[in-house]
Amino acid sequence: RRLQCQNKMRQFGIALTLYESAYQHFPSGKTTEPKYSGFSWSAQLLPWLEEEPLWNSLVEFGDAAAIDGIPVNRLGLSTHLLHVHCPSNSETATVQRAMNLNGTYVGLTDYQGVAGRNFRSKDGVFFLDSKTKISQIGDGLSNTFFIGERPPSSDYSLGWWFTGNGQDGT
């Protein structure tokens with residue numbers, strides 16, 4: 001399981017590098033761009049995680065739920081994604097019922113993007129509508145903590161792979 005987890009982190013690193021190469025910045029922690037509203041950094045990496053069919057479905061799928069007044073794609077919320085759960089955590093191996101969405105089933109992750117020292121500082125890489133460039137990372141990429149492992153909240157209101165709740169200052 002340790003090797004599986006390390007491999008997932010490595011795949012994230014490769015996907016982040018490819019994304020940055022394509023767009024000249026890293027994905028945002030959560031985006032409010034209309035076409036991709038609510039997409040987290042991990043959702044934005046789908047084409048580079050060999051999940052292009054899912055990416056295409058999410059972009060084309062118009063069925064939205066509202067979270068804090070922002071429309072969020074229901075297909076993305078309810079999809080379990082193998083790439084984003086720790087093999088040691090059985091909770092994230094399947095979709096779970098989120099209490100803040102009236103029991104809607106959500107896909108969870110154990111891997112969270114670092115927004116900064118706290119959720120308001122915006123001195124990390126992944127925060128609301130961030131477009132962090134390599135040149136903005138003064139300590140160098142090898143000395144920067146991009147992703148950490150943390151289980152979802154006990155009521156599953158945080159820890160969704162698809163939308164970056166918590167990375168928007170809430």
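These legends accompany close-up views of a predicted model.

**View 1. The whole chain, with its helices and strands.**
The protein chain holds 4 helices and 6 strands. Their order along the sequence is α-α-α-β-β-α-β-β-β-β. Of the 170 residues in the protein chain, buried ones make up 45%. Among contacts with a separation of 6 or more, 64% join residues 24 or more positions apart. The exposed area of the protein chain is about 8900 Å². Carbon and sulfur atoms supply 51% of that area.

**View 2. The surroundings of G159.**
G159 lies in the segment after β6, the strand that spans 147-149. The relative accessibility of G159 is 5%, so this glycine counts as buried; the cut-off for buried is under 20%. Which residues does G159 contact, leaving aside neighbours within four places in sequence? They are G107, L108, T109, Q112, R150 and P152. One of these partners is T109. T109 and G159 sit 50 residues apart in sequence. In space, their C-alpha atoms are 5.6 Å apart.

**View 3. The cysteines C5 and C86.**
How many disulfides does the structure hold? The count is 0. C5 takes part in no disulfide, and its nearest cysteine sulfur belongs to C86, 4.5 Å away. Likewise, C86 is in no disulfide, with the sulfur of C5 as its nearest cysteine sulfur. A disulfide needs the two sulfur atoms within 2.5 Å, so a pair beyond that cut-off is not counted. Are C5 and C86 buried or exposed? C5 has a relative accessibility of 12% and therefore counts as buried. C86 is buried too, with a relative accessible area of 6%.

**View 4. The aromatic pair W161 and F162.**
W161 and F162 are neighbours in this view, and their rings form an aromatic pair. The ring centres lie 5.6 Å apart. The angle between the planes is 80°, and the pair is edge-to-face. Planes over 60 degrees apart count as edge-to-face, which is why an angle above that cut-off gives this class. W161 is buried, with a relative accessible area of 0%. F162 is also buried, at 1%. In total, the structure has 13 aromatic pairs.

**View 5. An aromatic cluster.**
Which residues form one aromatic cluster? The members are F12, F26, W41, Y111, F126 and F146.

Conventions
Residues are numbered from 1 along each chain as its sequence is written. This is a predicted model: local features need pLDDT of at least 70, side-chain atom pairs count only at pLDDT 80 or more; totals for chains, interfaces and linings use all residues. Side-chain values use heavy atoms; hydrogens and water are left out. Helices (H or I, at least four residues) and strands (E, at least two) are DSSP runs, numbered from the N terminus. Buried means under 20% relative accessible area, exposed over 50%, partly exposed in between (1.4 Å probe, protein chains only). Contact means heavy atoms within 4.5 Å. Accessible areas come from the Shrake-Rupley method with a 1.4 Å probe; for residues, only the protein chains shown count as cover. Rings of Phe, Tyr and Trp (its six-membered ring) pair if their centres lie within 6.5 Å; planes under 30 degrees apart count as stacked, over 60 as edge-to-face and the rest as tilted.
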